[in-house]
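Okay, everyone, thanks for coming. Let me put the structure up on the screen, and then I'll walk you through a few parts of it.

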Amino acid sequence: MMQHFDVVVIGAGPAGLNAARAGAQAGARVALVDDNPRVGGQVWRQGPRHAPQAPLREVHEALQAHSNVTVFSSARVVAPLAACALLLESLEHGGMCVGYDQLILATGARELLLPFAGWTLPGVTGAGALQALIKGGTSVRGERIVIAGSGPLLLASLATARAAGAQVVAVVEQASAASLARFAASLLATPSKLLQAAQLTRGFAGLRYWTGSVVREARGAGRVEQVTIRRGEHEVTLACDRVACGYGLVPNVTLAQALGCALDERGAVKVDDRQRTSVAGVLAAGECTGIGGMELARVEGEIAGRVASEASPELNALHMQRSRWQRFARHVADTFALGEAARALPPGDTLLCRCEDVTLGEVRVFRDWRDAKLHTRCGMGACQGRICGTATSTYFGWQTAQPRPPFHPAQIGTLMAACDPDPARPA
């Protein structure tokens with residue numbers, strides 16, 4: 001059975017929620033699809049001990065006030081179908097087909113994980129993954145945690161871990177002290193971000209905050225017990241119970257690529273000034289169009305929602321807001337651009353593809369991603385190269401292959417639900 005909507009939004013983070021609200025306010029029949037059980041995405045993730053933040057409550061309540069909005073939670077896009085339709089797998093509904101007049105991609109981003117010796121030990125996660133675990137109910141009270149990598153996400157993870165009762169042993173940032181000093185000074189021009197930084201770093205005095213430093217190795221018997229940090233020409237080993245290491249974010253563009261949307265030089269979905277992609281009827285907003293933060297995502301989402309629902313007589317004010325946050329995003333990207341130490345190859349016996357147990361030494365002899373995948377099974381596991389493929393792009397500059405559906409492991413019943421690609425539309 002096919003359900004048809006005027007606007008389908010994929011992703012219920014800041015961009016997707018604001019897009020759905022804009023479309024609903026214009027009277028469009030809107031479907032909001034997200035793979036989490038609750039709306040909010042990664043930025044506004046809810047959990048047993050993490051109530052919805054004020055911005056999330058405001059936009060969610062606005063959506064609930066509209067009867068023309070349908071929310072599909074715990075639902076994943078398995079494959080695009082012909083004639084403006086998607087095959088979904090929902091925890092509640094199973095396999096289902098959804099048709100659309102306009103599609104808004106708000107698929108967000110994922111962490112950039114760069115392998116190091118011991119990175120597959122239990123207790124080693126991404127920095128954002130640590131936040132997700134804590135918000136999902138994992139107890140870290142009393143645990144010694146090292147947070148490492150690059151970008152503002154490290155401070156957000158620090159604040160979350162401390163609030164949960166963890167002992168943060170150190171924050172290890174690959175960017176230089178000079179770059180961070182310039183960035184901190186620039187926050188004077190963005191009061192809201194300055195306040196946010198002050199809140200995240202409350203009680204910062206006395207904490208080890210090491211700049212120009214990277215994780216080299218995690219060690220332990222059965223789970224992580226120590227981590228070695230490279231600081232310039234020296235190495236320091238710290239005892240810990242967890243390591244959370246992430247080198248920023250990369251756009252989630254799997255669905256966009258499958259639909260044929262063009263990407264820009266950053267690997268993000270390319271959009272025009274009205275958030276339209278290169279494919280007619282498909283728009284994109286938020287981190288999938290470039291890493292820019294929650295404020296930019298919200299503005300882009302509202303623009304996309306208005307344009308998709310043809311309720312956009314005046315967008316100048318939104319365009320001005322978008323330009324402001326785009327400038328800030330460029331400044332963040334320049335500040336936290338990965339340096340040589342972060343891009344340095346780990347030892348050859350370091351696992352690159354943890355799904356298929358393929359090492360860096362095994363893949364580095366090949367000329368590109370396709371050859372490496374053909375000869376070693378790299379990228380052929382459950383994550384389909386989302387982790388190791390991105391790492392090879394960072395290390396070797398390889399272009400990974402365009403994804404093929406199904407994008408996730410799916411039930412046979414879901415694949416059988418792929419229905420008539422040209423359903424009768426409501427009059």
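So, let's start with an open sheet of 5 strands, where the pairing is parallel and the order goes S8-S15-S9-S10-S11. Keep in mind that this is a predicted model. Who stands at the edges of that sheet? That would be S8 and strand S11, residues 208-210, and each has a single partner strand, so one side of each is left without a neighbour in the sheet. If pairing is new to you, strands of a sheet pair through backbone hydrogen bonds, either parallel or antiparallel.

Now let's look at S15, which sits between S8 and S9 in that order. On one side, strand S8, residues 124-125, pairs with S15 in the parallel sense over 2 bridges, and Val124 stands opposite Val243 there. Then there's strand S9, residues 144-150, which runs parallel to S15 and is joined to it by 6 bridges. One pair to look for is Ile145 with its bridge partner in S15, Arg242.

Is S15 buried or exposed? Strand S15 covers residues 242-247, and 6 of the 6 are buried, so the strand is largely enclosed by the rest of the structure. Here's a handy bit of background: in a regular strand the side chains alternate between the two faces of the sheet. In S15, both faces are covered, with Arg242, Ala244 and Gly246 buried on one side, and Val243, Cys245 and Tyr247 buried on the other.

Hang on to Tyr247, please. The largest nonpolar core has 41 residues, and the ones touching the most other members are Val227, Leu238, Tyr247 and Cys378. Leu238, leaving out residues up to four places away in sequence, touches Val146, Val169, Ala170, Arg208, Trp210, Glu225, Gln226, Val227 and Ile229. Apart from that core lies another one, of 40 residues, including Ala15, Phe183, Leu283 and Leu296. In soluble globular proteins, nonpolar side chains tend to be buried together.

Last stop, empty space. How many cavities of 30 Å³ or more are there? The count comes to 1, with a volume of about 80 Å³. Tyr247 turns up again in the lining, along with others including Leu114, Phe116, Arg216 and Tyr395. Sorted by type, the lining has 9 nonpolar residues, no polar ones and 1 charged.

Technical notes. Residues numbered from 1 in each chain as written. Predicted model: local features only at pLDDT ≥ 70, side-chain atom pairs only at ≥ 80, totals over all residues. Heavy atoms only, no water. 1 Å grid on protein atoms, 1.4 Å probe; cavity = no way out; pocket = protein on both sides within 12 Å on 5 of 7 lines; lining within 4 Å. Points joined across faces, edges and corners; volume = space filled by probe spheres on them. Nonpolar A, V, L, I, M, F, W, Y, C, P; charged D, E, K, R; others polar. Buried < 20%, exposed > 50% of the residue type's maximum accessible area, 1.4 Å probe, protein only. Helix = DSSP H or I, 4+ residues; strand = E, 2+ residues; numbered from the N terminus. Pairing = 2+ DSSP bridges. Core = buried A, V, L, I, M, F, W, Y, C linked by side-chain atoms within 4.5 Å. Contact = heavy atoms within 4.5 Å.
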